[in-house]
Amino acid sequence: MDRKSFSQLVRRYRGPLFSFLVHLGNDEEEAADLMQGAFLRAWERRETFRGESTFKTWLFEIALNLWRNRLREERRHPEGGDDPEGLPSSSDPLADTLASERREILLEGIRRLPERQRMALILKVYGELKYTEMAEVMKCSVGAAKAHFHHAFYQLKKIVEERDEM
Amino acid sequence: MRCEDAQRLIPDMMAGELSFRERLSLKGHLWRCPSCRRQYEGMKGLWRELKALSPKAPPWGEIDEWLKERIKPPMFPSFPLPWRWAVPAAIALAALLMVVTLPQRMKVVKVSGGVKEESAYSLTSFSREEGEEIEETLLDLYGEYGRVEGMGIWEELISEWETETA
């Protein structure tokens, strides 16, 4: 993989990757930082990429590992006020900038989903991954990835409807 | 298609995971079933709202610059492991040959007057044509970095020859 083709891949996947990392619970600065780290690591390890998965899947796996490592690091050296589950807190800058109450309800709904369901939903909606790609990133079967996404989608709909009725 | 089948397919429809045949079949059911159609419209609305939660794009220009700085090409092109030593080995061999044939070539310089000409190649007892040919071959074989490396070796030889003949 040469520089030119790598740059093309960066341009193609940077949007979904950034969006995915923000919705994992990072603020925009942290998400940009993680994304840069993921691209750099992918470049440095490009010779180890065997093409058994798609480049996109491989990239998302790298980003997810970086994010998990950062969470572990934060748990070891807490600076105070961090959510132990790495979920977006109520002071999430993304949420702060959202104008409508409806959007806040949705973000809250996503936060309340079980971890695997939330991951599946974010990978699908923001990462724009196929079920087969989600399965590789989530280290599960395609059927399980699909089921997690289905449950997340119906669960979120239920949460939103309950809030609407209140 | 039964209603439960349609319910199962609706999230896949949003996720863009249905084949043309499945989409057609689902649409047919939705056309006939008001209850599933309402469900579908609700899901479609939720999907749109989720998509609208995408974060504001970061400064891509700055991120691109940051990455460009870090993904510079290697000094030598990347060869498979058995060939990795080919470039340095070829350069070393070329240097050895030049050293071995140096006394013979020095005679040629003397015959032609032994005058230091403006061309660096004549100082190492290569004719300008010979030097240009070698440079071209190195450039073809190893690209820009090969040329620089090759010139480094020539410069060392020139300096050595000048010291010896001073």
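# A guided tour, starting at Leu121(A)

Select Leu121(A) to begin: leaving aside residues up to four places away in sequence, Leu121(A) touches Ile110(A), Leu113(A), Phe149(A), Ala152(A), Phe153(A) and Leu156(A). The model on the screen is a predicted one. Leu121(A) also belongs to the largest nonpolar core, a set of 52 residues, where it is listed with Leu17(A), Leu21(A), Met35(A) and Ala63(A) as having the most contacts inside that core.

**The helix around the starting point**

Now widen the selection to H6(A), the helix that runs over residues 115-125 of chain A. Nine of the eleven residues of H6(A) are buried, so this helix is largely enclosed by the rest of the structure. The buried residues are Gln117(A), Arg118(A), Met119(A), Ala120(A), Leu121(A), Ile122(A), Leu123(A), Lys124(A) and Val125(A). What should be shown next to see the cover over these residues? It includes H1, H5, H7 and H8 of chain A, together with helix H3 (34-52) of chain B, and it is worth colouring the two chains apart before looking at it.

**Two of the covering helices**

Keep H5(A), residues 101-112, and H8(A), residues 142-165, and hide the rest for a moment. Their axes are 9 Å apart, and the two helices pack at an angle of about 135 degrees. Since angles over 145 degrees would count as roughly antiparallel and those from 65 to 115 as roughly perpendicular, H5(A) and H8(A) are therefore oblique to each other. H5(A) passes H8(A) in a right-handed crossing. To see the contact itself, show the side chains of Ile105(A), Leu106(A), Gly109(A), Ile110(A) and Arg112(A) on H5(A), and those of Leu156(A), Ile159(A), Val160(A) and Arg163(A) on H8(A). By class, this contact of H5(A) with H8(A) has six nonpolar, one polar and two charged residues. Ile110(A) and Leu156(A), which take part in it, were also met at the start among the residues that Leu121(A) touches.

**A second crossing in chain A**

Next, select H2(A), residues 28-44, and H3(A), residues 55-76, whose axes come within 9 Å of each other and cross at roughly 125 degrees. H2(A) and H3(A) are therefore oblique to each other as well, and H2(A) passes H3(A) in a right-handed crossing. On H2(A) the contact is made by Leu34(A), Met35(A), Gly37(A), Ala38(A), Arg41(A) and Ala42(A), while H3(A) contributes Trp58(A), Leu59(A), Ile62(A), Ala63(A), Leu66(A) and Trp67(A). The residues of this contact of H2(A) with H3(A) divide into ten nonpolar, one polar and one charged. Met35(A) and Ala63(A), both listed in this contact, are also among the residues with the most contacts inside the largest nonpolar core.

**Two loop residues**

Return to the end of H6(A) and move into the loop between H6 and H7 of chain A, where Glu128(A) lies. The phi angle of Glu128(A) is near 55 degrees, a positive value in a residue other than glycine. With 17 other C-beta atoms within 10 Å, Glu128(A) is partly exposed.

Follow the chain past helix H7 (131-138) into the loop between H7 and H8 of chain A, and select Lys139(A) there. Phi of Lys139(A) is likewise near 55 degrees, a positive value in a residue other than glycine. Is Lys139(A) buried or exposed? Lys139(A) counts as exposed, with 10 C-beta neighbours inside 10 Å. If Glu61(A) is added to the selection, the C-alpha atoms of Lys139(A) and Glu61(A) turn out to be separated by 9.7 Å, although their positions lie 78 residues apart along the chain as a separation in sequence.

**Where the chains meet**

Finally, bring both chains back into view and select the contact between them, which takes 30 residues from chain A and 21 residues from chain B. On the side of chain A that touches chain B, the elements that give two or more residues are H1(A), H2(A), H5(A), H6(A) and H8(A). H1(A) gives the most to this side, with seven residues. The residues of this side of chain A divide into 18 nonpolar, three polar and nine charged.

Chain B can then be shown alone: its secondary structure comes to seven helices and zero strands. Of its 166 residues, 14% are buried. Among the contacts in chain B with a separation of 6 or more, 50% join residues 24 or more positions apart.

Key
Residues are numbered from 1 along each chain as its sequence is written. Chains are lettered from A and ligands numbered from 1 in the order in which they are written. This is a predicted model: local features need pLDDT of at least 70, side-chain atom pairs count only at pLDDT 80 or more; totals for chains, interfaces and linings use all residues. Two residues are in contact if their C-beta atoms, placed from the backbone, lie within 7 Å. Helices (H or I, at least four residues) and strands (E, at least two) are DSSP runs, numbered from the N terminus. Ala, Val, Leu, Ile, Met, Phe, Trp, Tyr, Cys and Pro count as nonpolar, Asp, Glu, Lys and Arg as charged, and the others, Gly among them, as polar. A residue is buried if 20 or more other C-beta atoms lie within 10 Å of its own, exposed if 12 or fewer, and partly exposed in between; C-beta atoms are placed from the backbone. Axes are lines fitted to C-alpha atoms, for helices over the stretch in contact, and angles run from 0 to 180 degrees between N-to-C directions. Angles under 35 degrees count as roughly parallel, over 145 as roughly antiparallel, 65 to 115 as roughly perpendicular and the rest as oblique. A crossing is left-handed if the near helix is turned anticlockwise from the far one by less than a right angle, and right-handed if clockwise. A nonpolar core is a set of buried Ala, Val, Leu, Ile, Met, Phe, Trp, Tyr and Cys residues joined through C-beta atoms within 7 Å.
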